[in-house]
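Here are some questions to work through with the model on your screen. Try each one yourself before you read the answer.

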Amino acid sequence: MSRAMHRGVSGLRISGNSHDSRDSQMKVKTEKEDSEKNRSSDHTCLSFKFPSVPFPDNSSSKHGISENGFASDTFSAGSPRSRHKLTMLVLKLSLVLIVVLALTGSFLWTISITTSSRGQIFHSHGYRRLYEQLVSDLWDIGELSLGPARLKEVEFCPLEYENHVPCFNVSESLALGYSDGEELNRRCGHGIRQNCLFPPPVNYRIPLRWPTGRDIIWVANVKITAQEVLSSGSLTKRMMMLEEEQISFRSASLMFDGVEDYSHQIAEMIGLRNESNFIQAGVRTILDIGCGYGSFGAHLFSKEILTMCIASYEASGSQVQLTLERGLPAMIGSFTSKQMPYPYLSFDMVHCARCGIDWDQKDGILLIEVDRVLRPGGYFVWTSPLTNAQRFLRNKEMQKRWNFVRNFAENLCWEMLSQQDETAVWKKTSKKSCYASRKPGSGPSICSKRHDGESPYYRPLEACIGGTQSSRWIPIKARTTWPSRAKLNSSELQIYDLHSEEFAEDTQHWNLAIRNYWSLLSPLIFSDHPKRPGDEDPSPPFNMLRNVLDMNAHLGGFNSALLEAGKSVWVMNVVPTIGHNYLPLILDRGFVGVLHDWCEAFPTYPRTYDMVHAAGLLSLETSQQRRCTMLDLFTEIDRLLRPEGWVILRDTVSLIDSARMLITRLKWDARVVEIESNSNERLLVCQKPFFKRQTN
């Protein structure tokens, strides 16, 4: 197939015949040249990947003898011009018939292999590649057959979509009868999507570079009012200051001792000298439920602690949107009735500081969910007025609620380490024998293997303790400390059915790829001193690139290679639900990630990531029956990407060609880059322009 970037849809180009009636000696020669030109022109306009069909040369020589030595056919009557016209008409009709038959046969064959025989064909790598190639070819033919109308640029969404998050519609959920928090859950339809580009706010400005951008954001970039800022009530929410056009976040506060003292207090309650010792205690990843505006995670980021904020959807876009605008890990998530999209034994600590969760409700099932994602020996930190028992000595209702949480935690085999002021810290047991030593009927039962799954996508909450039968049950202090944790040894790899050679090959591959990416894009975004025209050079460690969305993370090699290269970015590792689930391995390496179906919108606000990376995702989606289109995928990427953000797609030549054609509809700047080490792969490097909206 010819490459999409070289294709043109300019209609048929049929050259006319040119004869000189005054030169009879050149007539036959000119007819032959014109015939060849017409055949060449007809063949050029059919740039699809079909087998070339040889056509006989019907032009006669001077002596009436063809090139094969036989006499030419004398059946045609009339002048040489009329015979030539008749010949060309036959050729054109033949070409049309061949194309129709080829398209019909290919389409019917594609249907047949996607139904009865599809499973057998996929056993052969060669047939699978042939199938993917055919699907891609038919996709391109459909695009080209529609001409310029199909290649029309995608329009911008209505202005009210600037902060819209698909799959979250509280008013519609309430109308359907959902309540008690379930109206905040994701509900994605699988119908035809209306593809459009989400416009930025009127006064949107490119975020400041790190680390300044972590502590100062533009008010116009987020959906929050001055009143909401001033009325913020949680510990972390109050650690911010509203100025004219900016919101500044600070670790010190007049109303509280500050997040530095708060994290220092938690470390002491665990038995550590300060928060800098979290790594030595086995704490690398933290799940921060209801994170406020991410100040707790922002402080710990400099300590190499990775904190994932998760909070319910809010129409105001406050918690998650502001945390992401600061460039910190966050995503929308509600677990009132569904499990969080992480496998069991995923985090070293779960933190909740006035997060608005009533842990004593629903018979303690929310505490069971915390236990599910907490690693053995991990910590649960809860800061709430309810934990200050002295304050509610005469309030029997508050005492009852506190006693329930404390007793239920004990039945989960959690040990309370300390309680100070409004903060309580528990430690999950690292010994499975604890569950057997409980009094009969005193706590939740152990999940059976059938309920103990590692793919909790849209799964309901379980009222049993999970993860106890897993080979991943390893206490956090028994794990290799960070950053060595990212390099799994052979015995650890056996847990995930991986060989050391395969893991080493993946690591080497991505280390080389990162060096190539850096070499390719360094003048633009990856430099330690990035700048725009007119800007002064910033001092290190300022960096435009703060976060990356890896849409097909596989083993997390792209994330690991970024860290090996010393790049101060964090990666949201996404494992597609239709692929092999390596998310447990990614989380055990000390990274953050989530399961997701890319035919649905990602649970985050618009303009979230500085870069989107996808290697092999198009091939993975093509191998499935098309549940959504490539355009659906690209418009979702556009929603997630910040203005002036970057996209790197790595896939087969045919799929990159198809993607290149669609990219033009999204108004992205793009170029195709060849990969010398693998001739069957290409890179498609794109940048999303910054289209400023005009005020009315």
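Q: Which cysteine is joined to cysteine 413 by a disulfide?
A: Look for a pair of cysteine sulfur atoms within 2.5 Å, since that is what counts as a disulfide here. In this predicted model, local features need pLDDT of at least 70, side-chain atom pairs count only at pLDDT 80 or more, and totals for chains, interfaces and linings use all residues. Residues are numbered from 1 along each chain as its sequence is written, and side-chain values use heavy atoms, with hydrogens and water left out. The sulfur of cysteine 413 has its partner at 2.1 Å, and that partner is cysteine 434.

Q: How many residues apart in sequence are the parts that cysteine 413 and cysteine 434 tie together?
A: Helices (H or I, at least four residues) and strands (E, at least two) are DSSP runs, numbered from the N terminus. Cysteine 413 is in the loop between helix H12 (396–411) and strand S9 (414–420), while cysteine 434 belongs to helix H13 (residues 433–436), so the disulfide ties together parts whose separation in sequence is 21 residues.

Q: Is cysteine 434 buried, partly exposed or exposed?
A: Buried means under 20% relative accessible area, exposed means over 50%, and partly exposed is in between (1.4 Å probe, protein chains only). Its partner cysteine 413 has just 5%, so cysteine 413 is buried. Cysteine 434 comes out at 22%, so the word for cysteine 434 is partly exposed.

Q: Why is the disulfide of cysteine 413 and cysteine 434 called left-handed?
A: A disulfide is a covalent bond between the sulfur atoms of two cysteines. The handedness here comes from the torsion about the S-S bond of cysteine 413 and cysteine 434, and the disulfide is left-handed because that torsion is about -100°.

Q: What is the angle about the S-S bond in the link of cysteine 291 and cysteine 309?
A: These two sulfur atoms are 2.0 Å apart, and both cysteines are buried. Cysteine 291 is in the loop between strand S4 (285–289) and helix H9 (295–301), and cysteine 309 is in strand S5 (residues 306–311). The link is left-handed, with an angle of -60°.

Q: How many residues apart are cysteine 599 and cysteine 628?
A: A disulfide joins this pair, S to S 2.0 Å, and both cysteines are buried. Cysteine 599 is in the loop between strand S13 (592–596) and strand S14 (609–615), and cysteine 628 is in the loop between helix H18 (617–622) and helix H19 (630–640). The pair links distant parts of the chain, and the separation is 29 residues.

Q: Are the rings of tryptophan 510 and phenylalanine 558 stacked or edge-to-face?
A: Rings of Phe, Tyr and Trp (its six-membered ring) pair if their centres lie within 6.5 Å; planes under 30 degrees apart count as stacked, over 60 as edge-to-face and the rest as tilted. A search of the whole structure gives 22 aromatic pairs. For tryptophan 510 and phenylalanine 558, the centres are 5.7 Å apart and the planes are at 80°, so this pair is edge-to-face.

Q: Which helix holds phenylalanine 558?
A: Phenylalanine 558 is buried, with a relative accessible area of 2%. Its ring partner, tryptophan 510, is in helix H15 (residues 500–526), 48 residues away in the chain. The helix with phenylalanine 558, residues 557–564, is H16.
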